[in-house]
Amino acid sequence: MRIALICLVVVLAGCKDKAPSAPKATSAPAVITGVSVNPIEGALAYPFTQADSKVSWVGQKVTGKHEGSFGVFGGIIELVGADATKSRVRAEIDMTSLATTPDKLVAHLKSADFFSVEEFPRATFVSTAIAKSGEAYTVTGNLTLHGVTRALTFPAKIAVTDAEVTVNADFAINRKEFGVVYPGKPDDLIADDVALKLELHAKKKI
């Protein structure tokens, strides 16, 4: 019995370190000005939706992982002079469109234990700064998830052509910073970090 208890403690302690391998986004309380987001003067609109883009996620626990996605989302990249650093990204995700398997898990993730989608049906992101670092970019913006807004900074690859802007990003966020604190079963704890993968193809609005 003593050996079994020691093994259980080791497994549970290890869960805290078991997290998605994607780089972790930095997060801080957002500074909300109360001013509405107005269109950027002179910007060209490049909208995107789930029709040609993808937002997916990976969550891990002691016994394995679950992969999923969102079936309904959309947004717009406001491109200024073909320069990503002068531009802005706005996005909205329909949290009720969360998808994974099995169906029982989908229902649990939508419940009050996790994302409370009836109370918080939308997640939004508005970038506040985009900086270039070598061949890559660093995107900073306000993410509102589960009724909590925090300033998020994460790495991204951005490519700009006249017809399309593509954004690819892999990073992890700490779900507990957004009030999603369900721990999981005592013998199958859930990792705090959730990996997000963005594959956005924004086509120039004609």
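Which strands are included in what covers the buried residues of α2? The tour comes to that helix after a look at the whole chain. The model is a predicted one.

**Whole chain**

Show the full protein as a cartoon. Its secondary structure comes to 2 helices and 13 strands. There are 206 residues, and 38% of them count as buried. Now turn on the surface: the protein exposes about 11,500 Å², with carbon and sulfur atoms supplying 59% of that area. Among contacts with a separation of 6 or more, 64% are between residues 24 or more positions apart.

**Helix α2**

Select residues 103–110, which form helix α2. Show the side chains of L105, V106 and L109; these residues are buried. Looking down the axis of α2, you will find that its buried residues fall within an arc of 105°, so they line one face of the helix. Turn to the other side of α2, where D103 and K104 are exposed. To answer the opening question, add residues 54–61, 64–70 and 98–99: these are strands β3, β4 and β7, and the cover over the buried residues of α2 includes them.

**Strands β5 and β6**

Next select residues 73–80 (β5) and 83–94 (β6), two antiparallel strands joined by 7 bridges. Within this pairing, G75 of the chain stands opposite A91 in β6. The hairpin of β5 and β6 has 2 residues between the strands, and G81 there takes a positive phi near 55°.

Stay on β6 and pick R88, which is found in this strand. Is R88 buried or exposed? Its relative accessibility is 13%, and buried means under 20%, so R88 counts as buried. Display the side chain of R88 and look for two partners. One is the backbone oxygen of N38, which the R88 side chain reaches at 2.5 Å. Another is the side chain of E78, joined to that of R88 by a polar contact of 2.6 Å.

**From β6 to β8, β9 and β10**

Strand β6 also pairs with β8, in the antiparallel sense and over 5 bridges. To find a place in this pairing, select E92, which stands opposite T124 in β8.

Extend the selection to all of β8, residues 122–133, and to β9, residues 136–145; the two run antiparallel and 9 bridges join them. Pick K132 and its bridge partner in β9, Y137. The hairpin that β8 and β9 form has 2 residues between them, and G134 in the turn has a positive phi of about 65°.

Move along to β10, residues 148–160, which runs antiparallel to β9 and is joined to it by 9 bridges. Which residue in β10 is the bridge partner of G141? Select L152 to see it. In the hairpin of β9 and β10, again look at the turn: there are 2 residues between the strands, and H146 takes a positive phi near 60°.

**The nonpolar core**

Finally, hide the cartoon and select F154, I158, F171 and I173. They are the residues with the most contacts inside the largest nonpolar core, which has 43 residues.

Centre the view on I173. Leaving aside residues up to four places away in sequence, I173 touches A25, L143, L145, L152, F178, D192, D193, V194 and L196. One of these contacts, L152, was met earlier as the bridge partner of G141.

Note on methods:
Residues are numbered from 1 along each chain as its sequence is written. This is a predicted model: local features need pLDDT of at least 70, side-chain atom pairs count only at pLDDT 80 or more; totals for chains, interfaces and linings use all residues. Side-chain values use heavy atoms; hydrogens and water are left out. Two strands pair if DSSP finds at least two bridges between them. Helices (H or I, at least four residues) and strands (E, at least two) are DSSP runs, numbered from the N terminus. A nonpolar core is a set of buried Ala, Val, Leu, Ile, Met, Phe, Trp, Tyr and Cys residues joined through side-chain atoms within 4.5 Å. Buried means under 20% relative accessible area, exposed over 50%, partly exposed in between (1.4 Å probe, protein chains only). Contact means heavy atoms within 4.5 Å. The arc is that of the directions from the helix axis to the C-beta atoms. Accessible areas come from the Shrake-Rupley method with a 1.4 Å probe; for residues, only the protein chains shown count as cover. A polar contact is a pair of N or O atoms within 3.5 Å; within protein, one must be able to donate a hydrogen and the other to accept it, and residues adjacent in sequence count only if both atoms are side-chain atoms.
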